[in-house]
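Have a look at the sheet in this one before you read my notes. I've jotted down a few points to help you find your way around.

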Amino acid sequence: MNLRELSERLNLSQTTVSRALNGYPEVSEQTRKRVAAAAKEFNYRPNIRAQRLATGRSMSIGHIIPLSKQNEMVNIVFADFIAGAGEVYARHGYNMSLSLVRDEEELNAYRGVAEKGAVDGIIVHSPARHDPRIAFLAELDIPFLVHGRASEVTTPYAWLDVNNKRAIETGTRHLLELGHRRIALVNGEERMDFAQRRREGYLAALCGADVPPDPGLMRSNEMSEPYGHAAAHEMLDRSAPPTAFVASSIVSALGIRRAIQERGLVMGRDISVLCFDDEISYLPNGQTTPVFTAMRSSVRAAGRRCAELLIDQITHPDQELRTELWDAELVIGPSTGPCP
């Protein structure tokens, strides 16, 4: 079905239908919902070329990845985020522009796509605590949204994040309530804002229980299965090994489980493991029953919501910048138990 046919069915002008589908503010919410429902019912797909001519937009969203972070492009967490965002882009007639650039060219790449009008908006990934990209993009005056937060940046910006501090504080407190006192942290790279917040949550839980933190029970690196495996072996070799682990990712938790099994120990009985679970499509935390006790928050859902917020910002450029902070859910599995 084309635009003319859809307009005739709705008894509306083609201009009104086009403006409703593209979120123009002068179209009433009632009309917008009616048009959207009809487009879905009749499987209407916009003519992208005509849409670009009508709106003056490129109908593309940019994701720029520096070479030092190119592993993100094959990271299953990043892939799930992109899949979620892609669902929303497709529904709104947007394409995804994914670019890999040299680290020193990253800011120039943002400038280039903004000045050429190659994209209508940008999603920023993996923010550091003091991230120069945010102020730079704000000066370029292009719509952008950050997946995560940059704690030390004072420039106003749109973002969506999980409450990482509260999530890991809740998880660590759960282990403390089970009687554990030697609790290890296998964290992500702490130059990243999310990992620093997770460390803060871990330390806050220990402090609340009057448990002195032990630097020998803390590790920080890229969240991979081999890293979790190596970190667990190192700490289990200590004269006073941990009785429980908090892992920043289900991926590193798999490495911790492997290390536990190699020592002839039983996860959940001899050693407890709690992780942060991004509810990854290709790496589910069990089926009906979870494998790991986890703090769960879907990264695919975050991808969808980030795309919705950014497209809304593109469509309504005069609205206030929006922010959302999500809480993670504690899911109890057999990987945790009372301190032996």
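Here are my points on the sheet and the helices beside it.

1. Keep in mind that this is a predicted model. Quick background: strands of a sheet pair through backbone hydrogen bonds, in either a parallel or an antiparallel way.

2. Start with the whole sheet. The sheet is open and has 6 strands, in the order 7-6-8-9-10-12, and the pairing is mixed. Strand 7 (218-220) and strand 12 sit at the edges with a single partner strand each, so one side of each has no neighbour in the sheet. On average, neighbouring strands here are turned by 15° against each other, if you ignore direction.

3. Now zoom in on a parallel pair. Strand 9 (residues 272-277) and strand 10 (residues 293-296) run parallel, joined by 4 bridges. Try finding Leu-274, whose bridge partner in strand 10 is Thr-293. Cys-275 stands opposite Ala-294, also in strand 10.

4. What about the antiparallel part? Strand 10 pairs with strand 12 (residues 329-331) in the antiparallel sense, over 3 bridges. Look for Met-295, which stands opposite Leu-330 in strand 12.

5. Next, the helices. Helix 8 (residues 164-177) lies across strand 6 (183-187), strand 8 (244-247), strand 9, strand 10 and strand 12, and runs at about 165° to strand 9. Helix 10 (residues 225-236) packs on the sheet too, where it touches strand 6, strand 7 and strand 8. The direction of helix 10 makes about 150° with that of strand 6.

Definitions and conventions:
Residues are numbered from 1 along each chain as its sequence is written. This is a predicted model: local features need pLDDT of at least 70, side-chain atom pairs count only at pLDDT 80 or more; totals for chains, interfaces and linings use all residues. Side-chain values use heavy atoms; hydrogens and water are left out. Two strands pair if DSSP finds at least two bridges between them. Helices (H or I, at least four residues) and strands (E, at least two) are DSSP runs, numbered from the N terminus. Axes are lines fitted to C-alpha atoms, for helices over the stretch in contact, and angles run from 0 to 180 degrees between N-to-C directions. Contact means heavy atoms within 4.5 Å.
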